[in-house]
Amino acid sequence: MGLFHNLVYQPRKLFLRKALFQIHLWAGIFLSLYVVVIAVTGAVLVFEDELTSATLPSNLSPFNEGKTASITLVMRSFGTGYQGAKVSMLTTPSAAIPAYQLRALDAQGHEFELAGDPATGVLYRRPYNWVNWVHDLHLYLLLGSAYGVQVNGAGAAILLLLAVSGLFLWWPGVRNWSRGFKISLRSNWRRINFDTHYAIGIWTLAIVSWWAISGIYFAWYRQVGFVVNTVSTLRGMVSPELPPRPVATSSRASLEAVLSAVQQASPHGRLFGISDPSLATDTVFAQMDLRAPGDFSHRDIVTVDTATAKVLTIWHYGQNVSAGDWIMWSMHPLHFGTLWGMPFKILWFLMGLSLAVLSVTGLIMYWNRYLRHRLK
């Protein structure tokens, strides 16, 4: 029998399949705990906005888009209450999260977070809570942003290997191909576990592969961008380079002037967030939402010189031209699944949990086939 014939009709006879089985088995065992942690925390973070909103101080004013305290008022409140500290990021209130959110550094370089009343600008210290912990566990594995992202990238690469090898192992041959899509509840529990692993694996293959690819992208976005650009030239998804700037100066424009320049640069945008509203650095960038508040898929990202309040660059993020642009743009929305309403969030939540089930059923298969016999 030829290689092609065996691949189509009797794939279990192929040596390549046996080799891939060993790779899939040991990679799955090695990555099992990691996959469960990433899957469960990712499923929870689909509802991060709702959970963050639920953990805000209970005495905040109701959110009203037309009666929101100005950013300058919020920063004046911050300067009064936290002298010597600097705000590294400020996000504005919205219906999803009805409060200002500030991430700041004190004089000793320790990071802390604040919530601002949307109507009065009064600030409240926010303790590190379980939502923050789940966020840091998923993104950084509690290792910090410097190392955690790299470890996650390596884990995502192994997950992609599992997905690719799993597709080859799933293929039962052309005569029995439909069996791998369903679970027979009439069999014993070991067979049900086997069918569950195979069915979940094939039904979630596309999104799990994309989660793995986007996880690699988050760790090494320049390298992934280079590969994508080689295949299809990136145009809209390339951030503009900053122009040459004069010698740095200690003088600073007013925050009002900076915000005015941002609004003029993106007249149809709504300010979502601004880096360094304390104006301690030479440049700041502002995110201007062009669609619903918090919709990061289409926004203007405006960079401003803090000394002169001059706009340096405008990146029309989401204005995709080439196939490469669409691939790079899709990394975030398809990874997080938070942009298309509650039904999509629920689907992504269930898909995330199914990845954890996939890992657990794989371990049970290993127990059924090998460990229990060896222990006997």
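Which residue forms a salt bridge with Glu65? Hi everyone, let's start there. The partner is Arg270, and the closest N and O atoms of the two are 3.3 Å apart. Before I go on, please keep in mind that we are looking at a predicted model.

What I like about this pair is where its two ends sit. Arg270 belongs to strand S5, residues 270-275, while Glu65 is in the loop between H3 and helix H4, the latter spanning 71-81. They are 205 residues apart, so to speak two distant parts of the chain linked by one contact. As for exposure, Glu65 is partly exposed, because its relative accessibility is 46%, and the band for that label lies between 20% and 50%.

How many salt bridges are there by this rule? The count comes to six, and I'll show you two others. The general idea is familiar to all of you: side chains of opposite charge can pair when their charged atoms come close.

The next one joins Lys345 and Glu50, with 2.8 Å from N to O. Here too the link is between distant parts of the chain, with Lys345 in helix H12 (residues 342-375), Glu50 in helix H3 (residues 48-54), and the two positions 295 residues apart. Are these two buried or partly exposed? Lys345 has a relative accessible area of 8%, so it counts as buried. Glu50 comes out at 33%, and therefore it is partly exposed.

The third salt bridge is between the side chains of Arg299 and Asp289, again given as 2.8 Å, N to O. Arg299 lies in strand S7 and Asp289 in strand S6, ten residues apart. In this case both partners are buried.

That brings us nicely to S7 itself, so please turn to residues 299-305. Seven of the seven residues in this strand are buried. Follow the side chains along it: Arg299, Ile301, Thr303 and Asp305 point one way, Asp300, Val302 and Val304 point the other way, and every one of them is buried.

What does S7 pair with? On one hand there is S6, residues 283-289, antiparallel to S7 and joined to it by seven bridges. If you want a landmark there, Phe285 stands opposite Thr303. On the other hand there is S8, residues 310-317, which also runs antiparallel to S7 with seven bridges. The landmark in that pairing is Asp300, standing opposite His316. The S7 and S8 hairpin has four residues between its strands, and Ala309 in this hairpin takes a positive phi near 60°.

Last stop: helix H5, residues 130-140. At its start, a side-chain oxygen of Asn129 comes within 3.0 Å of the backbone nitrogen of Val131. Several residues of H5 are buried, among them Val131, Val134 and Leu137, along with the polar Asn132 and His138. Just after the helix comes Leu141, with a positive phi near 55°.

Where does Trp133 fit in? Trp133 is in H5 as well, but it counts as partly exposed because its relative accessibility is 41%. Together with Tyr128 and Leu142, Trp133 forms a nonpolar patch on the surface, and the three share about 340 Å² of accessible area.

So that's the tour. Thanks for listening, and I'm happy to go back to any of these spots.

Methods
Residues numbered from 1 in each chain as written. Predicted model: local features only at pLDDT ≥ 70, side-chain atom pairs only at ≥ 80, totals over all residues. Heavy atoms only, no water. Patch = residues over 30% accessible without salt bridge, like charges linked within 9 Å, V, L, I, M, F, W, Y side chains within 5 Å. Areas by Shrake-Rupley, 256 points an atom, 1.4 Å probe, with all protein chains shown as cover. Salt bridge = Lys/Arg side-chain N within 4 Å of Asp/Glu carboxyl O. Buried < 20%, exposed > 50% of the residue type's maximum accessible area, 1.4 Å probe, protein only. Polar contact = N/O pair within 3.5 Å; in protein donor to acceptor, adjacent residues only side chain to side chain. Pairing = 2+ DSSP bridges.
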